[in-house]
Number of protein chains: 2
Amino acid sequence: MTPAARRDALRALLRAAELDALLVTDLVNVRYLSGFTGSNAALLVPADGERGTRLATDGRYTTQVAAEVPDVPVLIERDCARGLVAAAGADGIRRLGFESGHLTVDAHAALLEVARDNGEVELRRAPGLVQRLRAVKDETEIDALRTACAAADAALADLIAAGGLRPGRTEREVAADLEQRMRQHGADAPAFDTIIAAGANSAIPHHRPTDAVLTTGDLVKMDFGALRAGYHSDMTRTMVLGPPADWQRELYALVAEAQGAGRAALEVGVEVAAVDAAARDVIIKAGRGAEFSHGLGHGVGLEIHEAPALSATGAGTLASGLAVTVEPGVYLAGRGGVRIEDTLVVRPDGAELLTLTGKELLAL
Amino acid sequence: MTPAARRDALRALLRAAELDALLVTDLVNVRYLSGFTGSNAALLVPADGERGTRLATDGRYTTQVAAEVPDVPVLIERDCARGLVAAAGADGIRRLGFESGHLTVDAHAALLEVARDNGEVELRRAPGLVQRLRAVKDETEIDALRTACAAADAALADLIAAGGLRPGRTEREVAADLEQRMRQHGADAPAFDTIIAAGANSAIPHHRPTDAVLTTGDLVKMDFGALRAGYHSDMTRTMVLGPPADWQRELYALVAEAQGAGRAALEVGVEVAAVDAAARDVIIKAGRGAEFSHGLGHGVGLEIHEAPALSATGAGTLASGLAVTVEPGVYLAGRGGVRIEDTLVVRPDGAELLTLTGKELLAL
């Protein structure tokens with residue numbers, strides 16, 4: 001879908017919400033709707049047609065914006081949102097939606113003054129409209145996600161083949177090695193701060209790599225992804241250095257079963273909370289519910305965390321084209337933890353797996 | 001300064017602002033005031049003493065928060081801000097400041113409801129208080145910045161020594177090479193997306209590396225930095241592949257003169273706008289004012305961009321201990337651009353340079 005087609009889809013949502021236009025200030029949403037990737041921008045999208053659509057950015061981006069956004073008039077102004085509210089007023093727009101889940105209280109207060117001074121613009125809270133569109137990926141976006149996932153798969157395969165996961169290396173060294181290999185396989189950057197967590201550290205869900213040394217007998221949890229052309233992959237694998245102990249095998253089997261149940265629950269029309277429950281129930285029945293301390297997964301795309309949230313408190317149902325992670329974990333404080341995570345796309349005939357690295361317990 | 005000493009300094013600002021407490025939701029500020037580095041947290045700091053100080057985070061961080069924050073009681077709750085507003089109400093706090101430059105309109109609306117249900121808490125806008133403290137660095141922070149700058153200096157020296165800047169390589173390859181070398185010199189990660197811009201691309205102030213090939217005769221602009229222990233370095237150097245043309249020499253000499261004038265203007269008590277003007281006037285006098293399309297510099301520390309802004313519209317004066325960049329640039333669309341940037345610390349006896357790579361025009 002072109003940016004223009006996305007703006008067209010947004011217009012239908014604006015009309016349904018009885019808005020004359022939307023002021024888009026979230027830069028990821030600006031990128032989605034226009035193609036612009038600069039670090040300071042806002043976009044005005046009127047509900048009644050392309051006329052009046054405007055992108056604002058500052059003088060550093062004059063050249064870049066001309067190349068990236070050939071089809072929208074550009075306003076060069078440092079305070080992008082202010083410039084667009086004034087423009088909306090001049091265009092006779094009255095009910096102007098703003099991204100209330102993104103705009104800060106101070107920024108909103110400043111825009112209220114601009115609105116007061118520019119015709120009869122009335123600022124209305126309009127959270128999450130573009131996020132709703134972004135959640136459903138088209139085939140071009142799914143291809144981008146697939147490429148990002150492939151870079152992560154290939155990097156991990158390389159790392160293992162090169163003996164990069166071995167006792168004596170530090171978590172930090174392994175993380176740097178894995179990130180470098182993702183780059184060699186086409187990643188623009190890591191999708192987020194790589195987690196390499198060995199031994200007892202693997203029981204810390206969001207551990208950051210330290211100078212801790214990998215040791216025989218450790219569980220090693222690796223949560224990492226590649227960023228490629230704006231799209232993020234997300235995968236976690238956990239392995240053991242040397243022969244697994246019984247408790248490690250059991251823990252791994254439990255999480256693998258829960259992860260499989262979560263993946264199997266990814267069907268069009270299912271409640272997101274039911275997907276979380278499908279995996280969580282496996283862990284609760286094993287008496288480990290308290291040690292699975294986070295949601296099952298999240299949407300992934302232009303952001304590493306986006307709609308929908310697959311959690312017990314999440315709302316809504318699955319639609320075809322959603323890209324989500326499924327990542328149960330069980331963490332035994334002081335001993336070690338296991339998390340297994342894939343990135344998948346919801347399809348009418350079941351979920352398509354994008355992260356293809358195997359999920360058998362690997363003993364290195 | 002310990003996190004506890006920083007909270008003490010904050011309390012003086014809270015009392016001056018007639019607040020009973022501050023709700024800190026900006027994660028960088030939470031880190032600064034507590035040492036906690038997780039991705040979901042908020043902090044409550046009462047004005048009248050440490051009693052009542054509380055950190056909220058979610059169940060993923062139980063282990064990490066205990067290790068990182070030994071001296072503050074922890075509330076485990078997913079909606080951190082909500083939990084702390086309720087706690088503030090129970091403690092009898094009335095005038096509760098919130099970070100209105102960070103909290104979104106929707107998050108604020110949700111907290112208003114919590115405040116209504118919990119005693120007589122009144123939410124008051126209190127932007128930028130912690131940022132004001134953070135702008136002035138202590139010697140431990142300056143050491144961290146120095147170490148981050150040294151990693152970038154060493155990486156660039158290595159890259160040049162290894163012949164890594166040569167015709168035939170792509171911008172993307174050079175960026176990956178430089179980032180890898182920063183890691184080898186102790187960087188946890190790049191401080192921001194590395195800019196490598198060759199030939200006409202160097203005229204794009206915020207260019208992202210592409211598959212464009214470095215060619216003899218190109219200006220090559222490199223804007224990069226290292227992240228180390230939470231602190232960011234920021235440096236730009238521009239060089240020429242092969243013997244420089246006259247226009248390249250002249251452009252370089254102009255920017256170097258402006259950059260020197262900006263550095264020389266860094267004195268305690270000087271208006272930030274005057275620092276911008278010191279460099280900008282050099283460029284304006286040469287008739288290139290329109291081609292210097294951004295501010296002169298910015299504060300740098302736990303964030304790559306923080307207070308103060310060194311720009312024509314910036315307010316305030318320089319204090320000892322500020323860490324700032326000085327980075328004028330002149331960009332000739334379609335031909336090439338030069339930017340020269342250092343990270344420096346304002347000291348009573350003049351600015352201390354932290355980025356030590358030489359600034360003569362290098363022809364490789």
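The following dialogue examines a predicted model with chains A and B.

Visitor: What kind of model is this, and how are its parts numbered?

Guide: It is a predicted model, in which local features need pLDDT of at least 70 and side-chain atom pairs count only at pLDDT 80 or more, while totals for chains, interfaces and linings use all residues. Residues are numbered from 1 along each chain as its sequence is written, chains are lettered from A and ligands numbered from 1 in the order in which they are written, and side-chain values use heavy atoms, with hydrogens and water left out.

Visitor: What makes chain A a chain of domains, and where do their bounds lie?

Guide: Domain bounds come from an automatic or database domain assignment. Chain A is divided into domain 1, residues 3-134, and domain 2, residues 136-353. The C-alpha centres of domain 1 and domain 2 of chain A lie 35 Å apart.

Visitor: How do you know that domain 1 of chain A is in contact with domain 2 of chain A?

Guide: Contact means heavy atoms within 4.5 Å. Eight residues of domain 1 of chain A meet that condition with 11 residues of domain 2 of chain A. Buried area is the accessible area (1.4 Å probe) that two parts lose on being put together, summed over both. For these two domains of chain A the buried area is about 700 Å², with carbon and sulfur atoms giving 41%. On the side of domain 1 of chain A, A:Val28, A:Arg31 and A:Arg134 lose the most area to domain 2 of chain A, together 60% of what that side buries.

Visitor: Why is the pair A:Glu141 and A:Arg6 called a salt bridge?

Guide: A salt bridge is a side-chain nitrogen of Lys or Arg within 4 Å of a carboxyl oxygen of Asp or Glu. In the pair A:Glu141 and A:Arg6 the closest N and O atoms are 3.8 Å apart, so the pair satisfies the rule. Side chains of opposite charge can pair when their charged atoms come close. The rule finds four salt bridges across the interface of domain 1 and domain 2 of chain A, and 64 over all chains in the whole structure. A:Glu141 stands in helix α7 (residues 139-161) of chain A and A:Arg6 in helix α1 of chain A, 135 residues apart, and their pair links distant parts of the chain.

Visitor: Which elements of domain 1 of chain A give two or more residues to the side that touches domain 2 of chain A?

Guide: Helices (H or I, at least four residues) and strands (E, at least two) are DSSP runs, numbered from the N terminus. Between domain 1 and domain 2 of chain A there are five residue pairs in polar contact, both at pLDDT 80 or more. A polar contact is a pair of N or O atoms within 3.5 Å; within protein, one must be able to donate a hydrogen and the other to accept it, and residues adjacent in sequence count only if both atoms are side-chain atoms. On the side of domain 1 of chain A that touches domain 2 of chain A, the elements giving two or more residues are α2 (27-34) and α6 (129-135) of chain A. Of these, α6(A) gives the most, with four residues.

Visitor: How do you know that chain B and chain A are related as by a two-fold rotation axis?

Guide: Copies are superposed by least squares on the C-alpha atoms of residues with pLDDT of at least 70 in both. Chain B can be laid on chain A with an RMSD of 0.0 Å by a turn of 180° and a shift of 0.0 Å along the axis. The two copies are thus related as by a two-fold rotation axis. Of the residues of chain B, B:Thr104 comes closest to that rotation axis, at 2.0 Å (C-alpha).

Visitor: Why is it said that the copies meet through the same surface?

Guide: The reason is that 100% of the interface residues of chain B are also interface residues in chain A, so the copies meet through the same surface. In this interface 31 residues of chain B are in contact with 31 residues of chain A. The area buried between chain B and chain A is about 2700 Å², of which carbon and sulfur atoms give 48%.

Visitor: What makes B:Arg172 and A:Asp188 a salt bridge?

Guide: Their side chains meet at 2.6 Å, N to O, and this distance therefore satisfies the rule for a salt bridge. Across the interface of chain B and chain A the rule finds six salt bridges.
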